[in-house]
Amino acid sequence: MTAPAPDTLPPETPAPDTPAPDTPAARRGIFGWMLFDWANQPFQTLVVTFVFGPWFVAQAIGDPVAGQALWGWASALAGAVAALLAPVLGAVADRTGARKAWVLAASVPYVLGCLGLWLATPAMADPTVVLVAFGLGFVGSELGVVFTNAMLPDLAPREKIGRISGSGWALGYFGGLVSLVFVLLFLAPAPGREVTLLGIAPILGLDPALGEPERATGPLSALWYVVFAVPLFLYTPDVPRRREGRAVRDGLADLGRTARTARRHRSLFTFLVASMIYRDALAALYAFGGIYAAGVLGWGAFQLGVFGIVAATVGTIGTYLAGRADERFGPRPVIVGSIWVLIAVGAFALLTTRTSVLGVPVPEGSRLPDLAFLAAGGLLGAAGGAVQAASRTLLVHLSHGRMAPAQAFGLFALSGRATAFLGPAAIAAVTTLSGSQRLGVSPVILLFLLGLGLLYWVKTEDEQPMDPTA
């Protein structure tokens, strides 16, 4: 199958200010792009996974089972909105050119949503406003990543982007780690104490009894983003803006052609479906890992912060090494190996409680479940980061010459969010039906296995059309 005719894709105009490779300007632009992962990561680390989400379920709702189900439905709805918007806006962005303007537009709901999380209170009678704020932040975060990912192919030759993608994700993990350390040093009291690890009261007079340290992670994520996203806008090269009076209509037409193009290529189409499934499982595991630890193991904000630090530290190292492996062996082996690790993590969570590890009873008061879950968190961080970094590299390889970058990553976002409701909804449903947080995480294992099976059909060489007449 040959590449689509030029008139099937929006015009691709290289940025006139794109610096020559391996110059200080080029390295500054690449670092500015990678730093966006650092800027965006605290929302996932502090809000979704380790601090705000578990506190919201346990304290703002008050019932761990009901809270996990409610958080699951909210995550599913926000994911569905992101799935509907991402491919459409990506197609329009390819018609209008400059992607930084779209990143800036996505930043507005992100920042407003993060600020709105402060409105949460313990035992809220009506948590709707907080859930809406969470949804805004979630959608803004997802859309911003679509447009920054679309810049990746223009940063360096294709053989180099695996390392750039992996290093960017590792830098993001490190940003999450630093933000968690900041929370433990300045915001969250140590267990059984009224002071933080520094021996000081929470800064700004935050009251732990009102959940203010946990609630402050929303505004902290907003401020962090505003500061560290600046280098992307200052230094990373962008394609020039194009004035097109029919950008929306032509963008939607481009999207239709892009979808048909994806169908013609067996590996590209299968990868989009496979990634839709295994990234959905990963998102669910991220979203409910901290909630699970809070409900099943009884962890508070401090223990969850330590859990996050372990996951982020191991994740930073693991993702950095995965980027090197991607460059040497290609992205597909990295993805396959990482999914097997994630399946093991899911099985471990299913078989570990306060009184047993992998189904084997432990003495009352034993810390072994805590230590084992910390180790599992490290594996989750490393394998999860490797999967996501290698996935966006594999998409660049599979879509090269077949569709415009923002459209490709728009479809990638759609494939990752089209069934985004599935993982959280399945967890919510199983949790509700079983009345068990532990059993509620079981669907993610099946999703990982299904995605892994589909990856067998994904080949990066000798791409063949699925339907030559389509």
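**Exercise 1.** Classify Val334 as buried, partly exposed or exposed, and describe its surroundings.

*Solution.* Step 1: buried means under 20% relative accessible area, exposed over 50%, and partly exposed in between (1.4 Å probe, protein chains only). Step 2: Val334 has 10% relative accessibility, so it counts as buried. Step 3: the residue lies in helix α13 (residues 331–350); helices (H or I, at least four residues) are DSSP runs numbered from the N terminus. Step 4: leaving aside residues up to four places away in sequence, Val334 touches Ala322, Ala325, Asp326, Ala386 and Ala390, where contact means heavy atoms within 4.5 Å. Step 5: Val334 and Val387 are 53 residues apart along the chain, and 7.0 Å separates their C-alpha atoms.

The model is predicted: local features need pLDDT of at least 70, side-chain atom pairs count only at pLDDT 80 or more, and totals for chains, interfaces and linings use all residues. Residues are numbered from 1 along each chain as its sequence is written, and side-chain values use heavy atoms, without hydrogens and water.

**Exercise 2.** Do the same for Asp37 in helix α1 (residues 24–50).

*Solution.* Step 1: the relative accessible area of Asp37 is 13%, so this residue is buried. Step 2: its contacts, not counting residues up to four places away in sequence, are Gly168, Trp169, Gly172 and Arg392.

**Exercise 3.** Compare the expected span of helix α5 (residues 128–149) with the distance between its end C-alpha atoms, and state how many of its residues are buried.

*Solution.* Step 1: the expected span is 1.5 Å times one less than the number of residues. Step 2: for the 22 residues of α5 this gives 32 Å, and the end C-alpha atoms are 32 Å apart, which agrees. Step 3: 17 of the 22 residues are buried, so α5 is largely enclosed by the rest of the structure.

**Exercise 4.** Repeat the span check for helix α18 (residues 443–455) and list its buried residues.

*Solution.* Step 1: the 13 residues should span 18 Å; the end C-alpha atoms are 19 Å apart, which agrees. Step 2: the buried residues of α18 are Pro443, Val444, Ile445, Leu447, Phe448, Gly451, Leu452 and Leu455.

**Exercise 5.** Which members of the largest nonpolar core touch the most other members?

*Solution.* Step 1: a nonpolar core is a set of buried Ala, Val, Leu, Ile, Met, Phe, Trp, Tyr and Cys residues joined through side-chain atoms within 4.5 Å. Step 2: among the 91 residues of the largest core, they are Phe52, Trp71, Phe271, Tyr278, Ile339 and Phe448. Step 3: helix α11 (residues 266–296) gives the most to this core, with 14 residues.

Terms used:
Helices (H or I, at least four residues) and strands (E, at least two) are DSSP runs, numbered from the N terminus.
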